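Subject: Handover of a structure for your review

Dear colleague,

Please find below the structure that I am handing over to you. My findings follow directly after it.

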Amino acid sequence: GDGCGHTVLGPESGTLASINYPQTSPNSTVCEWEIRVKPGQRVQLKFGDFDIDDSDSCHSSYLRVHNGIGPTRTEIGKYCGLGFQMDGLITSKSNEVTVQFMSGIHTSGRGFLAAYSTTDKSDLITCLDNASHFTEPEFNKYCPAGCVIPFADVSGTIPHGYRDSSSLCMAGVHAGVVSNTLGGQINVVISKGITHYEGSLANNVTSKVGPLSTSLFTFKTSGCYGTLGMESGAIPDSQITASSVLERSNETGQVNVWKPENARLKRVSPPWAASISDEHQWLQIDLNKEKRITGITTTGSNLAEYDYYVSAYRILYSDDAQKWTVYREPGMDRDKIFQGNTESYKEVRNNFIPPIIARFIRINPLKWHQKIAMKVELLGCQFSIGRSPKITMRPPPPQNKNDDFIEDFVHSVKTSLQTDKTTFTPEIKNTTVTPSVTKDVALAAVLVPVLVMVFTTLILILVCAWHWRNRKKKMEGTYDLPYWDRAGWWKGMKQFLPTKSAEHEETPVRYSSSEISHLRPREVPTMLQTESAEYAQPLVGGIVGTLHQRSTFKPEEGKEASYADLDPYNSPMQEVYHAYAEPLPITGPEYATPIIMDMSSHPSTPLGVPSISTFKAAGNQAPPLVGTYNKLLSRTDSTSSARALYDTPKGQPGPGATEELVYQVPQSVAHSTGSKDE
């Protein structure tokens, strides 16, 4: 009817609008659209804009949607309203839908714009949606067919990106991601905007120059858009031929030949030009082997004095240069006519959706300015995917009211069979998972987090153990004993000392201090006699060090000995008392028992002579004691005399026991004679 506006009805999707949209629709107009998709599928309808006058409560101006086509159709709903928001989808019950628009007497109302698709396209958008309507940094949407509309704007180009105010679907057509005739899926990536957006002509869409914006968007694609060798020279001159060649003399009489090998984009030379300008001329390019061809870029003459260019052309392709196929879009019964240049020096790009798989390409000019002349570059990539298997046709169903649709469908399949190299759809990168790998992906989605958690736990345990160990070392200190050894220090040292006799004699130990009390600092006791003792005495082959508070030997109260006092050579002459350990108060025989010291009956022995030990070792053999001479720390006792008496350990024989063992005084110590006081 006379109320129909922009309309593109594709086999799986399309776009429809009221007349004069987005301006106010005229009075008393009507339009009816019949939408049909493949049998077994259903139709979903989405409105991008809805503004229909409702002053008479949808009586004369409205939009009505029906299930089915013809007299058997049933109404889904009747809609009207100014600025009416219809965010949801209207879904049919069959593969056929009728949309009826009625415009009565009104003073305002833009009408409507809607998109439709099959119900398997759950992410359907309309031609009016732009990037600023979505907040995700990356998303997938389905664009309907027919989004090249005069009332939508696009700013930018590939590969720099498009301004965020641009129509997503119209920019997708300009970029060569989707076809205006078929629609398709787009994968959009949002990024930071730039200060200037260039304009260009591509796929019959003119993008405008745009100013600064906060963000821009680009499309993820298969990446098969590289140049195939015309500009670079990878295609040799011998593989570029033409139907005819223009020869023209210049002002000096020199003959210029506008050869086909001159048809290389961006080369500074005259282009290829045909000697005769008619629709039978062609430029042919041999790619040497089959390639995936996704697009073509053309210009006219780059010579200022010759304003020649081709404004429309067809594409033919072949594997053997004998049988040629004209490029058509799937489902279309007519040749695809590509828009060429509108001026001689600006590049114009056209994409093949789906791409062409062929070795030979022919460009057949249909319209031109003054003369046929052009420069060309082919876009695409190497072809490595095998041909798709031949389609087996099923017997056609009985003729019914869908005859027209079935005939169109069969014709499109026949066309696909005839041009099987053009049936490959663009490879759009996305993150969706195909059904064949759903189980594996689900299993991986469970196993990977579990493994990560297990390894993370092990690492944390190791780190904590290492940290605890270092912290424990710091707490123990450099000179301290570990806490588990403090209580049993003396018990642990017993294993390094001579053991007591097999007879388990328990005799007290006697020391005489009458002799050693007058020794000089450099003198040491030379002879010690004793009976076997229950507990081994400290092994003092060298120095008797400062008694720490964790020792089993108890120093006497008073001034503590310091490390400075240990120097036997720099200390003044003084009386030295040998400090022997008192046992710590304890009930058991764990530590050393009290000792009676009596050395009055033993003469002092020169340093060069081995000393007599008071310790008894197993086997009655005196082990040698090797060490360095050190000053013995003294114990000051104001009541001490030549004899110091200590209690005898319980259960031990009296001081009369005199069994002796000999320890050797270190031989490296110089001999020193001490004075005796009788």
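I begin with a pair of residues: Val30 stands opposite Met102 in strand E8. Please note that this is a predicted model. The pairing belongs to an antiparallel arrangement in which 8 bridges join E3 to E8. Strand E5 (residues 62-67) also runs antiparallel to E8, and 6 bridges join these two strands. In that second pairing, Leu63 is the residue opposite Phe101 in E8. Strand E8 itself, residues 96-103, is mostly covered, with 7 of its 8 residues buried.

As to the chain overall, it holds 5 helices and 29 strands. It has 678 residues, of which 44% are buried. Of the contacts between residues at least 6 apart in sequence, 80% join residues at least 24 apart. The chain exposes about 35,700 Å², and carbon and sulfur atoms supply 54% of this area.

The largest nonpolar core has 28 residues, and the members that touch the most others are Ile315 and Ile356. Two or more residues of this core come from each of strand E18 (240-242), strand E22 (283-299), strand E23 (309-318), strand E26 (348-369) and strand E27 (373-382).

Two of these strands also carry backbone features that you may wish to inspect. In strand E26 lies Pro354, which is joined to Ile353 by a cis peptide bond with omega of about 0°. In strand E22 lies Asn288, which has a positive phi of about 75° although it is not a glycine. As background, most peptide bonds are trans, and most residues other than glycine have a negative phi.

Both kinds of feature also appear in the loop between strand E2 (13-18) and strand E3 (29-36), where Pro22 is found. The peptide bond from Tyr21 to Pro22 is cis, with omega near 10°. Ser28 is placed in the loop between E2 and E3 as well, and this residue, though not a glycine, has a positive phi of about 55°. Ser28 counts as exposed because its relative accessibility is 51%, and the class begins over 50%.

Is Val173, in helix H1 (residues 168-175), buried or exposed? Its relative accessibility is 4%, which is under the 20% limit, so Val173 counts as buried. Leaving aside residues up to four places away in sequence, Val173 touches Val148, Val178, Ser179, Asn180, Asn203 and Val205. The C-alpha atoms of Val173 and Asn204 are separated by 8.6 Å, while the two residues are 31 apart along the chain.

Finally, there is a nonpolar patch on the surface, formed by Val446, Leu447, Val450, Leu451, Val454, Phe455, Leu458 and Ile461. Together these residues have about 740 Å² of accessible area. One of them, Val454, is found in helix H3 (residues 438-476). Val454 counts as partly exposed because its relative accessibility of 43% falls between the limits of 20% and 50%.

I would be glad to receive your comments.

With kind regards

How values were computed. Residues numbered from 1 in each chain as written. Predicted model: local features only at pLDDT ≥ 70, side-chain atom pairs only at ≥ 80, totals over all residues. Heavy atoms only, no water. Core = buried A, V, L, I, M, F, W, Y, C linked by side-chain atoms within 4.5 Å. Buried < 20%, exposed > 50% of the residue type's maximum accessible area, 1.4 Å probe, protein only. Helix = DSSP H or I, 4+ residues; strand = E, 2+ residues; numbered from the N terminus. Patch = residues over 30% accessible without salt bridge, like charges linked within 9 Å, V, L, I, M, F, W, Y side chains within 5 Å. Areas by Shrake-Rupley, 256 points an atom, 1.4 Å probe, with all protein chains shown as cover. Salt bridge = Lys/Arg side-chain N within 4 Å of Asp/Glu carboxyl O. Contact = heavy atoms within 4.5 Å. Pairing = 2+ DSSP bridges.
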